[in-house]
Amino acid sequence: MQEFTKFPTKTGRRSLSRSISQSSTDSYSSAASYTDSSDDEVSPREKQQTNSKGSSNFCVKNIKQAEFGRREIEIAEQDMSALISLRKRAQGEKPLAGAKIVGCTHITAQTAVLIETLCALGAQCRWSACNIYSTQNEVAAALAEAGVAVFAWKGESEDDFWWCIDRCVNIDGWQANMILDDGGDLTHWVYKKYPNVFKKIRGIVEESVTGVHRLYQLSKAGKLCVPAMNVNDSVTKQKFDNLYCCRESILDGLKRTTDVMFGGKQVVVCGYGEVGKGCCAALKALGAIVYVTEIDPICALQACMDGFRVVKLSEVIRQVDVVITCTGNKNVVTREHLDRMKNSCIVCNMGHSNTEIDVTSLRTPELTWERVRSQVDHVIWPDGKRVVLLAEGRLLNLSCSTVPTFVLSITATTQALALIELYNAPEGRYKQDVYLLPKKMDEYVASLHLPSFDAHLTELTDDQAKYLGLNKNGPFKPNYYRY
């Protein structure tokens, strides 16, 4: 940020850090109109705030927004019936009694329902945000008002981001025994700063491709000192959060930020995993001409069979109107690609991490940054060419819009069950390794959501179950089955 203040912008002395602070309270949620902008320039870290019970064990943008955040949480609860059902079923036995969970996820109305469910099941929670742009300020305020130690606000700086994580972990008289992470930053911080905390940790639950990759790296190096649950690759999470969610939210994020019409547009989607498949399906349905880049021959063949041309990014970069990354890798779109893009090309990322687009290479004196609206920047070249960069290369759908509540109900239910499983597992069941959620639990998550569709499952007869070699109550597929 300090480096960037030296660089010229269209408005003269205005720096990127200034334009971020201007947008930090902007929200696309329904509570946007209630946001108090009178204290935009004051960092939440410098404010003294207390909730109605006199507690100041939190740091949010504005505790006065709690009432509006509560309404948003109530709306989310209406489409998260499975999580509410789990809350009611397990509330009496308190399966998380004694659990001290430190979490780092997107802080939205939907994750608030998860956090409050964990509390209802007996856990104590401290929470920070895994993305500097995805926090809904009014929801964070509602959680703080309800007594959750939450440290997050929309538009944090990098320093704020790590400060919030540190405040969740480093506190006298309270030590976490469970970690719920999204992206691996919290786990990384504990390893780096407070490795002794792992002596009390019973397990880590991780839900993103990026975070899971980091866990497997730790495991391979022999540095993973507690059991970890890979929620990302549970079938329900992967299909719904990655495929079905992105099929809807890619369009939402692009429409809200750029008002682009997709019919006839040429779009390149980098990566044809579950996220890429969802993005491509949605764009194709609206008449876009879609290209795919892939490193994996199996995914590439799937893209071909689904009617997409598989190309190298360099082959189409001059002609495409939109570039979308969803690989989980780094430097997928480089400065060389950005230099060759045509005028007004839209560039965005649907992967978890902000490493896929080389945004750092754009922060140079010869390029001008111009803030258009919240999370939308024009990056202008000396010849007048401009590229439309969304959310500074961070996760588009959660930075610039929202994701469907029903999808997050599935993800949140999976996370809650994974926490319950790891916390209550007898000693020795899970070693210091990375595990998938047991398939029986995966099926249970799905079954909890079927009543929303008035769906009725067929039951196997004893003879049929014997013929297939199955238990009548499941699990119904082997672990190697690909859905």
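**Exercise 1. Work out the surroundings of Asp 182 in this predicted model.**

Step 1. Start with the contacts, meaning heavy atoms within 4.5 Å. Setting aside neighbours within four places in sequence, Asp 182 touches Cys 104, Thr 105, His 106, Cys 130, Glu 206, Glu 207, Ser 208 and His 352.

Step 2. Place the residue in the fold. Asp 182 sits in the loop between β4 and α7 (185-193); helices (H or I, at least four residues) and strands (E, at least two) are DSSP runs, numbered from the N terminus.

Step 3. Is Asp 182 buried or exposed? Its relative accessible area is 4%, so Asp 182 is buried. Here buried means under 20% relative accessible area, exposed over 50% and partly exposed in between, with a 1.4 Å probe and protein chains only.

Step 4. Check the record. An unreviewed UniProt entry lists Thr 108, Asp 182, Glu 207, Lys 237 and Asp 241 under "binding site". UniProt positions are given in the numbering used here, feature names are shortened, and annotations may be inferred rather than shown by experiment.

A word on the ground rules: residues are numbered from 1 along each chain as its sequence is written. Because the model is predicted, local features need pLDDT of at least 70 and side-chain atom pairs count only at pLDDT 80 or more, while totals for chains, interfaces and linings use all residues; side-chain values use heavy atoms, with hydrogens and water left out.

**Exercise 2. Do the same for Asp 241, then follow its helix to a sheet.**

Step 1. Asp 241 belongs to helix α9 (residues 235-258). At 15% relative accessibility, Asp 241 counts as buried.

Step 2. Beyond four places in sequence, the contacts of Asp 241 are Glu 207, Thr 236, Cys 246, Val 407, Leu 408 and Thr 411.

Step 3. Helix α9 lies across β10, β11 (346-349), β12, β13 (376-380) and β14 (386-390), and runs at about 125 degrees to β14. Axes are lines fitted to C-alpha atoms, for helices over the stretch in contact, and angles run from 0 to 180 degrees between N-to-C directions.

Step 4. What is the strand order of that eight-stranded open sheet? The order is β9-β8-β7-β10-β11-β14-β13-β12, with mixed pairing; two strands pair if DSSP finds at least two bridges between them. At the edges are β9 (309-310) and β12 (368-373), each pairing on one side only.

Step 5. Look inside the sheet: β7 (residues 266-270) and β10 (residues 322-325) run parallel and are joined by four bridges. Val 267 has Val 322 as its bridge partner in β10.

**Exercise 3. Trace the seven-stranded sheet and the helices that pack on it.**

Step 1. This open sheet has the order β3-β2-β1-β4-β5-β6-β15, and its pairing is parallel. Its edge strands are β3 (149-151) and β15 (434-436). From one strand to the next, the twist averages 20 degrees.

Step 2. Which residues are the bridge partners of Gly 103? In β4 the partner is Leu 180, and in β2 it is Trp 127. Strand β1 (residues 100-105) is joined to β4 (residues 178-181) by four bridges and to β2 by six, running parallel.

Step 3. Add the helices. Helix α6 (residues 158-169) lies across β1, β2 (124-129) and β3, at about 170 degrees to β2. Helix α8 (residues 209-220) touches β5 (203-206), β6 (228-230) and β15, and its direction makes about 140 degrees with that of β5.

Step 4. See how covered β2 is: five of its six residues are buried.

**Exercise 4. Explain why Cys 104 and Cys 280 form no disulfide.**

Step 1. Set the cut-off: a disulfide is a pair of cysteine sulfur atoms within 2.5 Å.

Step 2. For Cys 104, the closest cysteine sulfur is in Cys 130, 5.5 Å away, so the gap is too far for a bond. Cys 104 is buried, at 0% relative accessibility.

Step 3. For Cys 280, the closest cysteine sulfur is in Cys 279, and 6.8 Å is again too far for a bond. Cys 280 is also buried, with a relative accessible area of 0%.

Step 4. Across the whole structure, the search finds zero disulfides.

**Exercise 5. Describe Asn 424.**

Step 1. Asn 424 is found in helix α15 (residues 405-424) and is partly exposed, with a relative accessible area of 42%.

Step 2. Which backbone oxygen does its side chain reach? That of Ile 420, at 2.8 Å.

Step 3. Finally, Asn 424 and Leu 396 are 28 residues apart along the chain, and their C-alpha atoms are separated by 36 Å.

Notes:
Polar contact = N/O pair within 3.5 Å; in protein donor to acceptor, adjacent residues only side chain to side chain.
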